[in-house]
Amino acid sequence: MNEIENITIGTVLKQVRKSLKLSQEELAHRSSLDRTYISMLERNIKQPTITTIFLLAEALEMKPSEFVQLLEDEFEGYTIKRTTV
């Protein structure tokens, strides 16, 4: 099984946004988030809070659980590498 350190939303967010033919600017407007933040999410530079996931899901016209399901599908077969501090 493949290991990853973080579940990132960038690929899924960009795919859904493009499938709806939305620009980053339009998604930012719909979600009340900054366009540069949307860009950083899509490039996996930033990680969203649960509140942000809810805002994005609403802006993408889906339930947060549907968005999370897309993430589950994207990362199926991966395990999260756990490290102790």
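A crossing of two helices is right-handed if the near helix is turned clockwise from the far one by less than a right angle. Keep that in mind for what follows, and keep in mind too that this is a predicted model.

**Two helix pairs**

Let's start with H2 and H3, whose crossing is right-handed. Their axes come within 8 Å and cross at roughly 110°. Angles of 65 to 115 degrees count as roughly perpendicular, and H2 and H3 are therefore roughly perpendicular to each other. On the H2 side, the residues that meet H3 are Gln24, Glu25, Leu27, Ala28 and Ser31, and their partners in H3 are Arg35, Ile38, Ser39 and Glu42.

Now for H1 and H5. This pair packs at an angle of about 120°, with the axes 9 Å apart, and that makes H1 oblique to H5. The crossing of H1 and H5 is right-handed. H1 brings Thr11, Val12, Leu13, Gln15 and Val16 to the contact, while H5 brings Phe67, Leu70, Leu71 and Glu74.

**What sits in the middle**

The largest nonpolar core has 19 residues, and the ones touching the most other members are Ile9, Leu13, Leu27, Leu56, Leu60 and Phe67. Who pays into it? Helices H1 (10-19), H2 (24-31), H3 (35-42), H4 (50-59) and H5 (64-74) each chip in at least two residues. H4 gives the most, with four residues.

Take Leu56 as a case in point. Setting aside residues up to four places away in sequence, Leu56 touches Ile9, Leu13, Leu27, Ser31, Leu33, Ile38 and Leu41.

**H2, inside and out**

Which residues of H2 are buried? They are Gln24, Leu27, Ala28 and Ser31. These four cover an arc of only 100° around the axis, which puts them on the same side of H2. Turn to the other side of H2 and you find Glu25 and His29, both exposed. As for what the buried residues of H2 pack against, the answer is H1, H3 and H4.

**Gly10**

Back in helix H1 we find Gly10. Buried means under 20% relative accessible area, so Gly10 counts as buried at 1% relative accessibility. Leaving aside neighbours within four places in sequence, Gly10 is in contact with Leu41, Glu42 and Asn44. Gly10 and Thr49 are 39 residues apart in sequence, and their C-alpha atoms are 14 Å apart in space.

**Two loop residues with a positive phi**

Most residues other than glycine have a negative phi. Here are two that go the other way:

| Residue | Place | Phi | Relative accessibility |
|---|---|---|---|
| Lys21 | loop between H1 and H2 | about 55° | 74% |
| Ser32 | loop between H2 and H3 | about 60° | 66% |

Neither Lys21 nor Ser32 is a glycine. Exposed means over 50% relative accessible area, so Lys21 counts as exposed at 74%, and Ser32 likewise counts as exposed at 66%. Ser32 comes just after H2, the helix whose buried residues include Ser31.

Terms used. Residues numbered from 1 in each chain as written. Predicted model: local features only at pLDDT ≥ 70, side-chain atom pairs only at ≥ 80, totals over all residues. Heavy atoms only, no water. Core = buried A, V, L, I, M, F, W, Y, C linked by side-chain atoms within 4.5 Å. Buried < 20%, exposed > 50% of the residue type's maximum accessible area, 1.4 Å probe, protein only. Contact = heavy atoms within 4.5 Å. Arc of directions from axis to C-beta. Axes fitted to C-alpha atoms, helices over the stretch in contact; angles between N-to-C directions. Parallel < 35°, antiparallel > 145°, perpendicular 65-115°, else oblique.
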